Structure formats: structure tokens, C-alpha cells
Amino acid sequence: MSKVIDFFILFLIGILAGFNIFLTFVVAPTLFSNLDHRHAGEIMNLIFPYYFSSGWIVGIVIYTLFALKAVKDKNILKNFKLFVVGLALLVILNMALHKTVLPIARSLNVQYYTLLKEEKKEEAQAIKEKFRNVHIISSSINLVNLALEVFLFQYFLFRIRKKED
């Protein structure tokens, strides 16, 4: 049973990392290079809630699977402290993106296009600058999440292999 749980933990982390890589380095650049920024942004705004929520929900599922392992092996936390901390950070960062950064970015985007429609270009430009800052924060957190996902995958894989030896 433990090997099945290990497989699912690695599988889920791999899915998170793959989804992150695909959305960050394939989907977003393709949309923004082939559509105008407004429409590309609207499409990404449809995807982001699912993307960010899947990060923290799958993280909690991984925690649950890890807890099942801990029921049988009480000493597992000693060997996987960094994994648990990294996973907690991943869940928290995805929640922050989903529940805080995304709503702020959406609100700024709506304000920007409303001001443009009202032909208030100077005010719109100020909002656009705020959006850029939020986007930099969001992109940075997303890259940290990717690094965490790769780290968690590697760390868990090497620890279970080491345990088998």
C-alpha cells in the first residue's frame, strides 16, 4: 500500500509541475503572441482560478496521502521534514495567488479598461502600472511554485529510494 501512495504522491506533484510548465511556458505565451492583450488576458482569467485552486487542492490531497503513510510509519516525519514544509509553502502560495493576487489583478484589469473606455488615459496608465506590479508578484510566486514542485518531486523520490535501500 505504501508504494501505491508513493506513486500517487509523485504522480500528483508531477501533474502540478507539468501543468505549471505548460501554462507558463506554452499556453500564456501562445495566447499573448497570437491574440490582442485584452482577449488573451480574458482567456487567462478564465483559466487562472482553476489553475491556482488546483495547486492548493492537490497539495492538500498530497498532505492527506502523506498522513496515511505517517499512520503506519510514525518516524516518517523525521525523514521528510523538508518535504512537509515545502508542501505547506506550496499550498499557501497557491492559496495566496488564488484568493488574493488574482482578485486584485482582475479588479485592476477591469478598472484599466473602464478608464480607457471613458478616455481617461492618464488614470488608466496609473492603473496599468499597478497591474504590472501585481503581475510581477504573481509571476514570481508562480516561478517559486514551479521550483517547489520540482524540488518536492526530487526530494520525495530520492527519500523513498533511499528508504528502500
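**A buried aspartate and the core around helix 4**

Let me start with a side-chain pair: the side chain of D6 makes a polar contact with the side chain of K69, at 2.6 Å, where a polar contact is a pair of N or O atoms within 3.5 Å, one able to donate a hydrogen and the other to accept it, and residues adjacent in sequence count only if both atoms are side-chain atoms. This is a predicted model, in which local features need pLDDT of at least 70 and side-chain atom pairs count only at pLDDT 80 or more, while totals for chains, interfaces and linings use all residues. Residues are numbered from 1 along each chain as its sequence is written, and side-chain values use heavy atoms, with hydrogens and water left out.

D6 lies in helix 1, residues 2-34, helices being DSSP runs of H or I with at least four residues, numbered from the N terminus. D6 is buried, with a relative accessible area of 8%, buried meaning under 20% with a 1.4 Å probe and protein chains only.

Turning to the largest nonpolar core, a set of buried Ala, Val, Leu, Ile, Met, Phe, Trp, Tyr and Cys residues joined through side-chain atoms within 4.5 Å, we find 42 residues, of which I9, I62, F66, F80, F83 and F156 touch the most other members. Helix 4 gives the largest share of this core, 12 residues.

Helix 4 itself has 37 residues and reaches 52 Å from first C-alpha to last, close to the 54 Å expected, that is, 1.5 Å times one less than its number of residues.

Note on methods:
Helix = DSSP H or I, 4+ residues; strand = E, 2+ residues; numbered from the N terminus. Buried < 20%, exposed > 50% of the residue type's maximum accessible area, 1.4 Å probe, protein only.
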